[in-house]
Amino acid sequence: MPCRFLIVALLFIFVPLAKAAVIPPTENFPLPTVDLSGPAEAAARHVTIARGTTEVYQGHPTTVLLPDGKTIYCVWTINHGGPCGPMKRSDDGGLTWSGLLPVPENWKSTKNCPSIYRLVDPRGKARLVVFAQENGVMRRAYSEDDGKTWSPMQPAGDGIVPSVMPFTDVKPVDGGKRLLAMTNIRRPGETREKYSNVLAQSFSTDGGLTWSPLEIVRDIPGLRLCEPEIVRSPDGKQLLCLIREDAKHESLFMTSDDEGRTWSKERTLPKALWGDRHKAKYTPDGRLVVVFRDVGRKTSPSNNHFVAWVGSYDDIVNVREAGYRVKLIHNHRRGKIFSGRLMDDCGYPGLEVLPDGTLVATTYAKYTEGDEGNYVVAVRFTLKETDAALVLRETQNTPPIPNRSAR
């Protein structure tokens, strides 16, 4: 049996969902896209965390995975950038979810895209921390018992103003002695550009309870930089910052070789990574998976939907159009009740990697046709499955090997 057919046979045995559709590359979009958004794939791997209704729009979720490798918390808002507070927990890696969990009443007074992290202070004390904002002030709440009980929302620090977004990423630096957090704020003193955005960062030395004054690290007039994501290089020596850009929608990146004290000049990301609100994690085989809202390339087969890019750290910093894409969720057009932008309202994601390599990507999206508001939905998949779909398509499109023994 030819080797490639043996591979396909084994894939059908060990990867039962290898039949996912593959959108082939084109001249205008050179990477293949595995499609996990269709009805059959959705039934197999999409899990609804919060259902949108004709009265309720669920928005802007983020997630955190606990060290047990199976407990995931998800926090989000009601309506677009609306009140914070809804929170659920999964005890089985995102397969099932609890009802709404109790949180302090004053969480409802905070708004706009809450973010949740597990942060460890220099003495090894771990806390779950949720960041949100209220009237331009970044606030935070924390749990010291793995989410069983939570503090009220309190100011995150005297210098964390004026806040536009809660921290969109927090990473340990300097061997865990400090935490580096990044976000976007309005350009100080701006009078002409109402929605200006510049990147800012802050450091914490007490595990995220208090933070240093925000420091602007990148301001490019004419561009609107926002929602940075931090990725550490595989060798641990470099930080990579993925940047959403809201004027030209051509996403950027920069790097730091000194734990975030200084940053390189920005460069344009590979076009396959142009999008909003990137969230990145490494898989057990060392590859990098980045999930985001696909915008910037009208020729993309998943434009305005929730996607993942699969590749390597080197692909990004060397600006290579490499790897492949995965369409995770189809984002439907607006109905009559929740009016506004048609299809670009999704993608503020959580991304977790379970010990067995299963990825759990969570977003909000207009999940159904009609007038229901956005849902919060988790997608569970593995790279073995998406790799297998690509191999299967390749073998199906390979001409058969001639029978050279025939005469």
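**Exercise 1. Find which residue of β18 stands opposite Leu252, and place the pair in its sheet.**

Leu252 stands opposite Thr268 in β18, where strands are DSSP runs of E with at least two residues, helices are runs of H or I with at least four, and both are numbered from the N terminus. The model is predicted, with local features requiring pLDDT of at least 70 and side-chain atom pairs pLDDT 80 or more, whereas totals for chains, interfaces and linings use all residues. Residues are numbered from 1 along each chain as its sequence is written, and side-chain values use heavy atoms, leaving out hydrogens and water.

Next, two bridges join β17 (residues 252–256) to β18 in antiparallel fashion, and DSSP must find at least two bridges for strands to pair. The open antiparallel sheet has the order β15-β16-β17-β18. Because β15 (225–232) and β18 (267–268) are at the edges with a single partner strand each, one side of each lacks a neighbour in the sheet.

**Exercise 2. Determine whether Val376 is buried or exposed, and describe its surroundings.**

Start with the element: Val376 lies in strand β25. Its relative accessibility is 0%, so Val376 counts as buried, a class defined as under 20% relative accessible area, with exposed over 50% and partly exposed in between (1.4 Å probe, protein chains only).

Then consider the fold: the C-alpha atoms of Val376 and Gly59 are 6.9 Å apart, although 317 residues separate them along the chain. Finally, leaving aside neighbours within four places in sequence, the contacts of Val376 include Val47, Ile49, Cys74, Trp76 and Tyr364, contact meaning heavy atoms within 4.5 Å.
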